[in-house]
Amino acid sequence: MPSTALAGIRVLDLSRILAAPLATQMLADLGAEVIKVERPGTGDDSRTYGPPFAAGTDTAAFYLSCNRNKRSVTVNHATAEGQELIRALAARSDVLVENFRVGTLAKYGLDHESLREINPRLVYLSVTGFGQTGPYAQRPGYDGIFQAMSGMMSVSGHPAEPMKVGISMVDILTGLYASTAVLAALRHRDATGDGQLIDLSLLDCGLASLSHFAMNYLVSGEVPERRGNGGYGGIPSQAFMCSDRPLFLVAGNDKQFAAFCAAADRTDLLQDPRFATTSARITHRTEILPVLQDILRTRTRDEWLALLDRHDVPAGPFNEMPEVFADPQIQHREMLVEVGGLPLLANPVRLSATPVEGYTPPPALGEHTAEVLGELVGVTERRLAELRARGVV
């Protein structure tokens with residue numbers, strides 16, 4: 001039995017920035033061998049996306065967030081010899097991941113159709129802004145653009161101001177969709193012997209992530225309103241200001257709302273037909289929310305959290321980063337790991353038989369070029385020196 005879930009799977013990672021590298025990092029965490037192919041001299045653009053940079057280096061924290069557990073090889077895909085090296089690596093790989101603009105790799109004979117001729121079992125993942133087809137297929141794009149175009153910004157922020165999610169949410173969601181798609185394609189490959197092309201679009205993933213917001217619109221025809229820190233589930237479901245600091249409170253059903261009323265000593269609210277049921281509270285949200293805000297301002301945040309916890313009402317503090325990593329639950333779950341003196345976020349997946357463990361730090365540019373090309377392609381030290389002199393690796 002393998003010690004890791006994806007032991008024996010080799011991934012050739014031609015991607016850069018965030019969405020696709022996150023997908024390959026997930027596969028690497030699960031035990032796949034991931035070989036990251038970068039441009040000689042410059043490498044992945046995200047290496048320079050700082051400050052901040054790792055102490056004593058010129059490597060940006062951005063790059064470090066999505067490239068652990070990989071080996072880095074430098075190959076210039078624009079040269080004929082570089083193309084041959086990538087083809088040789090692809091012939092020995094199970095998965096290839098790339099996020100070049102549509103048609104770019106076809107010019108170098110590194111597209112899906114070309115590589116399937118030498119490796120029909122290859123799962124080929126192509127991550128692009130708008131997909132391989134359609135009127136926008138050739139357009140470049142970044143996360144904020146897809147948050148705007150997909151409708152994500154239309155449901156985020158306050159009523160008078162649409163707002164993007166602070167982090168690169170479409171990139172992150174696309175990375176998760178991508179890793180899931182690769183696993184499905186590998187399952188199909190193992191059953192049939194055939195690889196396939198995965199065409200993944202950031203715009204598609206951004207729209208798919210709207211989930212119940214999109215479904216509410218499709219069912220009702222009503223455009224969702226922006227509610228700031230308010231949700232669309234049970235009421236209350238949003239941030240409230242206490243006497244000192246905010247907390248986030250959710251009463252997702254009538255039992256939890258009754259428990260909140262008991263904790264607040266306001267069981268009279270349950271007798272009001274506007275507030276007695278989940279549907280009634282949603283209908284009369286503008287009337288009940290000011291009442292709840294006045295109640296919560298009567299105590300400190302920590303007093304409320306302790307009281308609500310005793311009554312089994314879901315609530316949590318608003319944490320800045322220092323508070324996040326000081327939280328005893330986060331510490332217990334070991335979500336912060338240190339690898340060679342470098343702090344990293346741990347993978348949140350907990351597998352009982354094949355746990356995620358044994359992290360290696362994100363590689364320096366070209367750190368494993370000689371090692372990988374020697375092992376897999378048979379490139380000798382003398383040949384490697386010649387290729388380096390010509391800017392191939």
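**Two open sheets and a few unusual backbone spots**

Strand β1 (residues 10–13) runs parallel to β4, and three bridges hold the pairing together on paper. Within this pair, valine 11 has valine 95 of β4 as its bridge partner. The model is a predicted one, and β1 and β4 make a handy way into it.

On the other side of the story, β4 also pairs with strand β5 (residues 123–128), again in the parallel sense, this time over four bridges. Here glutamate 98 is matched with serine 126 in β5. Strand β4 itself (residues 95–98) is covered on both faces. Val95 and Val97 point to one side, Leu96 and Glu98 to the other, and all of them are buried. So Glu98 counts as buried because its relative accessible area falls under 20%.

Zooming out, these strands belong to an open sheet of six, ordered β3-β2-β1-β4-β5-β8 and paired in parallel. Its edges are β3 (70–74) and β8 (197–201), each of which has a pairing on one side only. From one strand to the next, the twist averages 20 degrees. Towards the β3 edge, strand β2 (residues 33–38) runs parallel to β3, with five bridges between the two. One residue to look for there is valine 34, which stands opposite lysine 70 in β3. As for helices, α6 (residues 169–192) lies across β4, β5 and β8, and its direction is at about 165 degrees to that of β8.

Another open sheet has three strands in the order β9-β10-β11, and its pairing is antiparallel. The edge positions go to β9 (237–241) and β11 (315–317), which each pair on one side only. The twist in this sheet averages 25 degrees from one strand to the next. Helix α12 (residues 301–310) packs on the sheet, where it touches β10 and β11, and its direction makes about 25 degrees with that of β10. Strand β10 (residues 246–250) and β11 are joined by three bridges and run antiparallel. Phenylalanine 248 finds its bridge partner in β11 at glycine 316.

The loops hold some backbone oddities. In the loop between β2 and α2 (61–64) sits proline 51, and the peptide bond leading into this proline from glycine 50 is cis, with omega near 10 degrees. The bond from proline 51 to proline 52 is cis as well, with omega about 5 degrees; proline 52 lies in the loop between β2 and α2. Further along, asparagine 69 in the loop between α2 and β3 has a positive phi, near 60 degrees, without being a glycine. Aspartate 312, in the loop between α12 and β11, is likewise not a glycine and has a positive phi of about 60 degrees. As to exposure, asparagine 69 is buried, at 13% relative accessibility, whereas aspartate 312 is exposed, with a relative accessible area of 62%.

Some overall numbers round this off. The protein has 16 helices and 13 strands, and its C-alpha trace spans about 85 × 45 × 40 Å along the principal axes. Of its 393 residues, 45% count as buried. For contacts between residues at least 6 apart in sequence, 66% link residues at least 24 apart. The accessible surface comes to about 19800 Å², with 55% of this belonging to carbon and sulfur atoms. On the charge side, there are 36 positive and 45 negative side chains, and the centres of the two sets lie 3 Å apart.

Technical notes. Residues are numbered from 1 along each chain as its sequence is written. This is a predicted model: local features need pLDDT of at least 70, side-chain atom pairs count only at pLDDT 80 or more; totals for chains, interfaces and linings use all residues. Side-chain values use heavy atoms; hydrogens and water are left out. Two strands pair if DSSP finds at least two bridges between them. Axes are lines fitted to C-alpha atoms, for helices over the stretch in contact, and angles run from 0 to 180 degrees between N-to-C directions. Contact means heavy atoms within 4.5 Å. Buried means under 20% relative accessible area, exposed over 50%, partly exposed in between (1.4 Å probe, protein chains only). Accessible areas come from the Shrake-Rupley method with a 1.4 Å probe; for residues, only the protein chains shown count as cover. Lys and Arg count as positive and Asp and Glu as negative; His and the chain ends are not counted. The place of a charge is taken as NZ of Lys, CZ of Arg, CG of Asp or CD of Glu.
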